[in-house]
Amino acid sequence: MLQFYNSLTRKKESFKPLKEGEVSLYTCGPTVYDEAHIGNFRTFMFEDLLKRVLILSGLDVKHIMNITDVDDKTIKRAADQNMPLQELTEKYTKMFYDDLEWLKIIPADDYPLATQHVDGMISMIASLLEKGHAYKDDDGSVYFKVASFPKYGQLSHLIFEEQQSADRMASDEYSKEAAQDFALWKGWKDDDGNVVWDAPWGKGRPGWHIECSSMSTEYLGDHFDIHCGGVDNMFPHHENEIAQSQCASGKPFVNTWLHSEHLMVEGGKMSKSEGNYYTVNELKSQGFTPENIRYQLLSGHYRTKINFSLAKKQEGEKIVKRLSEFKARLKAESNETKLGAEFPKEYQLFQENLFCDLDTPNALAVFFDYMRKINRKIDNDNMGEGEASAALLFIEKFNYIFGIIPDDNAIPGEIINLMNERETARLEKDWALADEIRSKIDSLGWNVKDTQSGSKLSKK
RNA sequence: GGCGUCGUACCCAAGCGGUCUAAGGGGCCGGUUUGCAAAACCGUUAUUCGCCGGUUCGAAUCCGGCCGACGCCUCCA
């Protein structure tokens, strides 16, 4: 049984999709004004984990992730770089897709672009105006009237008192009726240049929040199962989405909200404005593999803050290597794949942990315990009938969820030749030569292990 | 100021009132194995869970206070 911690109720709830066997999932995507950083990817990695666990449980998942390709930041960056908006956003969208692929994140079914869905946003805003949930401003902007939605604040549990917003009201350049009212549509200004759409109430561009409300409901229906994002999107973004969507459709919006905690660096939040962040490309050039990064991001629970540090690189490498060795050992152990092999009993426990609010730390612990047990059996030549096949089934599912075991590398002929030379030397007990060849193989990036069943090679 | 999270071994980290003399991983040290390595395995590394009180037959787990770290309160994954 699947259970998730719903941010809306702040409780773990058992999860039942609206349609049997199918899950509609919307995850907030990046604003493509710059390269995404590893903190952003923690959230995307968590969402990928969620999707994999849903699939593992036997559900079909329809996953939509938006791309914010128009907003204050993209417009400003494009202007700064003297570049058309679209050229800038296409460049970073491409980089984003590349990073996702490199990190082995399963692609969404669709990545709708905000700029291609402005019509839908305009009609949602029109409907909100019509129903009295929004009002126009002299400059062509349209604001959502928070006072018209009594349940506002249900997700973030914030209470809006006059004192709190008094300061901001005074310094606000817009003539909003209330400080917490937010822009559905931003009237055109000089800075916007040619970034402009026509709406019945005037030229301008959509506000940020309306984009997700409009696109999520367009692709998944007015009422769908799961919406995710980082904790910092809880307020105001998701709170505003709920208000807009429910007021526009008159129906419930999302059943389950899941939010991942921040990735920290040096004990503080990783963010663009602080400048304390790593991009995927930076980590790549530091020698991180996707498997290593996946391990760093998935070994802590998604609702706890985790600290990312370069110092953890060795730890990740060790884990990845151990798992790869284990897989290779199992393969050697089970020459023929037993048809109808069954999962070991530990697999049940592994799954239960994942189904209980994506408990990766405990799922990992279950797998490590199991791995030690099987390794011990192999050491003692004590494997039962079909046990290696069962273990291979388990490790395959394990890797489907975590994705931390790299694909096997083909061994180059040059290395094989060196290995053969070394075997000859060893048979002749020419240890000096054997050691020399081993260090040569080592320098070419491969490890040699002498086992009872012969020497084995593995990629470093 | 308001809302909220967290503080467990050298490091990361689970722990959802009793099976906790506290998982799992990394590291350290010792051992088995090995031509030597590597890998794997075995053993050791917290009588203790930020501090002080309280509730309870029983608390790392619940309550109160204090100290410390962090996040949100309309840029933000």
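**Thr217, helix 4 and the contact between two domains**

In this predicted model, a polar atom of the Thr217 side chain sits 3.2 Å from the backbone oxygen of Ser214. Thr217 itself is part of helix 6, which covers residues 208-220. Is Thr217 buried or exposed? With a relative accessibility of 13%, Thr217 counts as buried, because the cut-off for that label is under 20%. Leaving aside residues up to four places away in sequence, Thr217 touches Met124, Asp222 and Phe253.

One of those partners, Met124, leads over to helix 4. This helix takes in residues 118-130, 13 residues in total. From its first C-alpha to its last, helix 4 reaches 18 Å, close to the 18 Å expected at 1.5 Å a residue. Which residues of helix 4 are buried? Met124 is on that list, and so are Val118, Met121, Ile122, Ile125, Ser127, Leu128 and Leu129. A bit of background helps in reading such a list: an α-helix has 3.6 residues a turn, so residues three or four places apart point the same way. Just after helix 4 comes Gly132, with a positive phi of about 80 degrees.

Zooming out, the domain assignment splits chain A into domain 1 (16-260), domain 2 (280-402) and domain 3 (413-459). How far apart are the C-alpha centres of domain 1 and domain 2? They lie 36 Å from each other. The contact between these two domains draws on 25 residues from domain 1 and 28 residues from domain 2.

The size of an interface is often given as the accessible area lost when the parts come together. Between domain 1 and domain 2, about 2,400 Å² is buried, and carbon and sulfur atoms give 71% of that area. On the domain 1 side, the residues that lose the most area to domain 2 are Arg42, Leu56 and Trp102, which together make up 33% of what that side buries.

Polar links turn up here too. The count between domain 1 and domain 2 is 2 salt bridges, along with 7 residue pairs in polar contact, both partners being at pLDDT 80 or more. Which elements give two or more residues to the side of domain 1 that touches domain 2? They are helix 1 (38-56), helix 3 (85-102) and strand 11 (254-260). Helix 1 supplies the largest share of that side, with 12 residues. As for salt bridges, Lys104 forms one with Glu291, and their closest N and O atoms are 2.9 Å apart.

Conventions: Residues are numbered from 1 along each chain as its sequence is written. Chains are lettered from A and ligands numbered from 1 in the order in which they are written. This is a predicted model: local features need pLDDT of at least 70, side-chain atom pairs count only at pLDDT 80 or more; totals for chains, interfaces and linings use all residues. Side-chain values use heavy atoms; hydrogens and water are left out. Helices (H or I, at least four residues) and strands (E, at least two) are DSSP runs, numbered from the N terminus. The expected span of a helix is 1.5 Å times one less than its number of residues. Buried means under 20% relative accessible area, exposed over 50%, partly exposed in between (1.4 Å probe, protein chains only). Domain bounds come from an automatic or database domain assignment. Contact means heavy atoms within 4.5 Å. Buried area is the accessible area (1.4 Å probe) that two parts lose on being put together, summed over both. A salt bridge is a side-chain nitrogen of Lys or Arg within 4 Å of a carboxyl oxygen of Asp or Glu. A polar contact is a pair of N or O atoms within 3.5 Å; within protein, one must be able to donate a hydrogen and the other to accept it, and residues adjacent in sequence count only if both atoms are side-chain atoms.
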